[in-house]
Amino acid sequence: MAIKPKKHKWQEIQDILLKMKEDTLREITKTLKNGADTTLIGEPSGDIYDQASSERDRELGLLLGDREREKVHAIDEALLRIKENEYGICEECEEEIPHGRLKAMPFTRHCVKCKSDLEKLQAQTKRFEEERAYREIPLGSEEEDA
Ligand SMILES: [Zn+2]
């Protein structure tokens, strides 16, 4: 068996996190740069569909940016938890998160079981919201000020 480093238990994870943060920040910069060009994509045919799709693209771009930013935030939090010696503990059940999982997902705050419970809950909430959104938008309503 390998000798566990006593000085810094999470050194390896910390390195992964720092690398991951660097990559994500680079990804954000790249996305922002590309964002300026994507407005040119799409042939101008001047119908509603075109307008709608370019708006959706912009939303997608924002969404992507948010996700990346959230990731950086999660990484920062994980680094903080390492510093404060709170890392590797599930926030829900306070069990230790298996090392293999931490290595694969170093910014996770939950063990596999709690995470899948949370995801199930989130999926339910999301489906509920989607169904509600469907009902709130009447079919055939077009927001067009010609
Ligand atoms: Zn848990």
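This is a short talk on the fold, the core and the last helix of one protein chain.

Okay, so before anything else: what we're looking at is a predicted model. The mean pLDDT of the chain is 81, and 69% of its residues get to 70 or more. Going element by element, helix H3, residues 99-104, comes out highest with a mean of 93, while helix H2, residues 48-83, sits lowest at 78. And the usual caution applies: where pLDDT is low, don't read the predicted coordinates in detail.

Right, the fold. There are four helices and zero strands, so if you walk along the sequence you just get α-α-α-α. Of the 146 residues, 10% are buried. Now take the contacts with a separation of 6 or more: 56% of those are between residues 24 or more positions apart.

So which residues make up the largest nonpolar core? There are ten of them: Trp10, Ile13, Leu17, Ile75, Ala78, Tyr87, Ile97, Leu102, Phe107 and Cys111. Helices H1, residues 11-38, and H2 are the elements that put in two or more residues each. As background, nonpolar side chains in soluble globular proteins tend to be buried together.

Let me zoom in on Ile75, which belongs to helix H2. Why do we call Ile75 buried? Because 22 other C-beta atoms lie within 10 Å, and the cut-off for buried is 20 or more. Leaving out residues up to four places away in sequence, Ile75 touches Leu17, Met20, Lys21, Thr24 and Phe107. Ile75 also pairs up in space with Thr108: they're 33 residues apart in sequence, but 8.8 Å apart from C-alpha to C-alpha.

Thr108 turns up again when you look at another core member, Leu102. With the same sequence neighbours left out, Leu102 touches Ile13, Gly88, Ile97 and Thr108.

Last bit: helix H4, residues 112-136. From first C-alpha to last, its 25 residues reach 36 Å, close to the 36 Å expected at 1.5 Å a residue. How many of those 25 residues are buried? Zero, so H4 is hardly covered.

Leu118 is a good example from helix H4. Leu118 counts as partly exposed because it has 14 C-beta neighbours inside 10 Å, and partly exposed is the band between 12 or fewer and 20 or more. Leu118 and Glu92 are 26 residues apart in sequence, and their C-alpha atoms are 9.6 Å apart in space.

That's my tour, thanks.

Terms used: Residues numbered from 1 in each chain as written. Predicted model: local features only at pLDDT ≥ 70, side-chain atom pairs only at ≥ 80, totals over all residues. Contact = placed C-beta atoms within 7 Å. pLDDT = per-residue confidence, 0-100. Core = buried A, V, L, I, M, F, W, Y, C linked by C-beta atoms within 7 Å. Expected span 1.5 Å × (residues − 1).
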